[in-house]
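User: I have just opened this model and would like some orientation. Could we go through it together?
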Amino acid sequence: MSKKKSNWVAVKREMSKEGIELSFKDNRQYVLAKDQYSATRHDNFMAMAMAIRDRIVERWIMTQQAYHKNNLKRVYYLSLEFLIGRLLGDNILNLGLWDEAKEALLDLELSEDDIYNQEQDAGLGNGGLGRLAACFLDSMATLGIPANGYGIRYDYGIFHQKIINGYQVELPDEWLKLGNPWEFVRPEYTVKVRFYGKTRSYHDRNGKLRVVWAGTKDVLAVPYDMPVPGYKNDVINTLRLWSARSAEEFDFEYFNDGDYERAVYDQVFSENISKVLYPNDIIIQGKELRLKQEYFFTAAAISDIIRRFKIDNSDLNIFPEKAAIQLNDTHPSLAIVELMRILIDEEELEWNKAWDITTRIFAYTNHTVMPEALEMWPVPLFEKLLPRHLQLIYEINHCFLREVANRYPWDKFRLTRMSIIGEGDPKYIRMANLCVVGSHSVNGVSLLHSELIKTQLFKDFYDIWPEKFNNKTNGITQRRWLKKSNNKLADLITSKIGEGWITNLYELEKLLPLTEDESFRSEWKRVKSENKKALADYIMKASNVIVNPDSIFDAHVKRIHEYKRQLMFGLYIISQYLKIKNDPGAFIVPRTFIFSGKAAPGYFRAKLIIKFINRIAEIINNDKGVKDILRVVFLENYRVSLAEKIFPGSDLSEQISTAGTEASGTGCMKFMLNGALTIGTLDGANIEIKEAIGDENIFIFGMKEQEVQTLKQNGYYPRDYINRSPMLKEIFDLIQSHFFTHLDPELFDPIVDDLIERDPFMICADFDSYCQTQDLVSHEYKNEQEKWARKSIINVAKSGKFSSDRTISEYARDIWNVPYRPFK
């Protein structure tokens with residue numbers, strides 16, 4: 001190689017502006033076959049992504065080599081969802097190339113916004129569960145923990161939401177349509193996954209009972225790897241996503257007979273498994289596909305984990321010393337049974353030894369406090385799809401119930417409650433019970449949630465195994481949710497206290513003395529104002545609604561669900577509209593109400609709530625009498641990149657779920673980290689936020705969890721609360737007068753009737769308290785701006801606990817038993 005060419009190669013690999021420019025041009029010309037004249041905006045994005053990828057790959061290989069060389073214990077994080085969003089900005093930031101990339105694009109005469117906005121959000125998740133998994137991957141890499149994520153490479157992620165005539169309309173999310181520059185297909189590690197078939201028992205030459213699972217229909221799981229860089233530490237972990245392929249691509253016999261559709265049937269049938277995130281499971285075909293998805297990725301993951309283990313080890317007895325598998329909710333629970341199948345049927349271990357290995361490897365994170373939300377599968381479906389696994393579950397259950405019966409010999413009701421197999425017609429498998437029985441650790445995701453799973457949800461299990469249960473309060477990565485998405489605030493903070501907070505969020509406490517610095521508060525308010533103007537501009541472009549940046553930006557953005565009480569927020573908006581109409585002088589401060597979120601396609605009530613909100617917005621936004629006072633917007637297609645616009649520009653964070661229903665919530669943390677104040681109930685992580693910042697820096701209303709339970713037990717009659725509340729009664733009278741539904745008078749009757757007769761999430765009981773607390777918010781925002789700014793700074797300064805770095809360090813220390821880089 002000539003000296004000149006050698007120098008060119010060296011510069012091309014440099015972590016510098018010049019190196020990025022050279023890589024960009026090289027990739028655009030030789031990989032994409034384009035020049036500066038023919039390249040589209042998306043081509044330029046791809047070239048830039050590949051330039052950054054070039055700098056990741058070398059470090060990725062070195063990281064994996066180090067893991068193997070040192071035969072380190074690895075963490076395997078199994079999740080049906082990874083809501084990773086856009087990756088270009090994240091990867092640039094974590095490599096420490098933010099300024100270099102910006103300068104390179106400037107030299108190339110390319111717009112930063114144009115480049116970053118070309119990337120499709122990887123919407124491989126539905127909400128908090130998937131976004132949590134993405135934050136955890138970031139933190140594991142940043143803390144230097146050897147880790148792999150495992151999930152599904154869905155061809156279509158969470159649907160693309162359009163709001164048409166106020167209704168949610170679901171469109172395909174074609175995130176892979178133009179290619180994904182971050183993934184590497186690894187066909188050499190393809191795994192065969194089996195379904196259906198029959199089991200046959202026999203005795204081997206030693207007289208031991210063996211089981212063969214035969215006559216199966218097989219699907220190939222093809223792995224696609226995506227790098228996960230840590231922050232400025234040269235550690236690159238891996239997210240491995242599985243794509244389904246047919247074991248038989250093409251049937252020539254059918255083709256030659258002219259049956260062209262049947263010729264490719266097996267291919268289409270197999271590849272449906274990874275086609276779409278969360279098929280509608282209201283119908284039986286949807287249930288079967290969902291169960292297939294869960295087994296597909298867990299079987300592939302377990303096979304891959306064992307393969308990795310055997311590269312450097314031969315004794316399965318030390319498997320738990322080399323692998324820790326974390327189940328992100330019950331979706332990956334079949335991994336427990338699959339490992340048992342392999343250890344018993346293929347490795348021929350004795351049952352007790354196989355079970356000991358299995359339970360020492362697995363740990364389970366629970367994400368719900370509502371029993372009705374726990375995953376269950378009908379036995380007939382399970383028997384049809386996974387006959388061998390059903391046998392193993394029955395055996396696991398038999399051994400477990402024998403242990404329970406020995407402790408409680410006369411308590412048949414306890415046996416019934418704790419059984420993995422639920423009685424009914426048909427019988428069903430309780431996946432959460434399987435997870436608790438098959439794991440050495442069971443954790444909740446906030447202090448309240450963890451207490452509830454011990455005292456209510458899994459009380460019987462806690463009585464037997466109190467040592468299994470622990471709390472790991474969720475967290476978020478500050479690198480994406482402050483440093484990247486709110487660069488102006490991040491720069492202001494760094495200018496005052498340095499950049500230590502990027503890897504140790506507790507460093508933000510150094511901001512506390514600055515709350516009394518008038519000039520700093522002025523800068524803080526200026527940044528918030530600029531962020532609000534940017535959000536107002538986006539709202540105008542996206543919704544064609546002009547909003548007042550000086551109004552309170554009051555945001556309720558999350559998955560649409562009844563327990564999250566978007567409906568209560570809607571009723572409050574109506575109350576403010578009525579207040580203006582009845583007595584304009586009584587209204588305190590202008591507000592912009594911001595909604596965003598998706599409803600599950602089969603969730604009729606949630607979709608009707610979206611229509612209700614949009615109808616309120618239509619009425620208010622077209623009423624000239626409230627033009628400069630009230631605005632309501634529903635931003636369609638909520639996703640990670642949209643959230644990154646909303647959090648920095650919001651003043652008030654709505655965290656108003658019924659006490660005892662939200663396991664944790666992480667949206668509250670993102671708002672807090674960006675300086676918004678919280679109005680909320682004592683639910684989920686709100687409780688810990690309140691403890692961190694003090695009662696005076698949060699707006700709390702409504703019943704506590706125990707008060708909710710007491711009211712339910714004593715009998716809850718929402719009509720009584722409506723009759724006692726003049727405002728609530730006036731709201732219901734207005735809705736029932738068809739003010740919002742002249743053309744379709746009965747449209748919102750299901751909502752109104754349910755609130756009056758049942759109100760399962762106690763909106764009516766909490767409504768007056770909510771309104772009174774909102775009045776406090778309005779008074780303070782209008783009359784005490786300096787006090788509001790202080791509270792905003794305190795919220796950010798005390799957000800250290802809510803970093804996913806802290807959460808992951810606790811998992812590493814208490815559950816996985818792996819070393820990590822201390823951050824405090």
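Analyst: Certainly. This is a predicted model. Six strands form an open, parallel sheet in the order 22-21-20-23-24-25.

User: Which are the edge strands?
Analyst: They are strand 22 (630-634) and strand 25 (699-700), each of which pairs on one side only.

User: And how many bridges join strand 20 to strand 21?
Analyst: Six bridges link strand 20 (residues 552-557) with strand 21 (residues 591-596), and the two run parallel. Within this pairing, Phe553 is opposite Thr592, and Asp554 is opposite Phe593.

User: What about the other neighbour, strand 22?
Analyst: Five bridges join strand 21 to strand 22, again in parallel. Phe595 has Phe634 of strand 22 as its bridge partner. The chain passes from strand 21 through helix 25 (residues 604-621) to strand 22 in a right-handed β-α-β crossover.

User: Is strand 21 enclosed or open to the outside, and why?
Analyst: Six of its six residues are buried, so strand 21 is largely enclosed by the rest of the structure. Arg591, Phe593 and Phe595 point one way, while Thr592, Ile594 and Ser596 point the other way. In general, side chains in a regular strand alternate between the two faces of the sheet.

User: Changing topic: which residues have the most contacts inside the largest nonpolar core?
Analyst: Phe296 and Leu511 do, in a core of 192 residues. Helix 11 (residues 284-312) supplies the largest share of this core, twelve residues. Apart from this core lies another, of 68 residues, including Ile574, Phe593, Leu630 and Tyr770.

User: What does Phe296 touch?
Analyst: Its contacts include Ile152, Phe195, Trp242 and Ile273, leaving aside residues up to four places away in sequence.

Key: Residues numbered from 1 in each chain as written. Predicted model: local features only at pLDDT ≥ 70, side-chain atom pairs only at ≥ 80, totals over all residues. Heavy atoms only, no water. Pairing = 2+ DSSP bridges. Helix = DSSP H or I, 4+ residues; strand = E, 2+ residues; numbered from the N terminus. Core = buried A, V, L, I, M, F, W, Y, C linked by side-chain atoms within 4.5 Å. Buried < 20%, exposed > 50% of the residue type's maximum accessible area, 1.4 Å probe, protein only. Contact = heavy atoms within 4.5 Å. Right-handed = clockwise from strand over helix to strand, strands pointing away.
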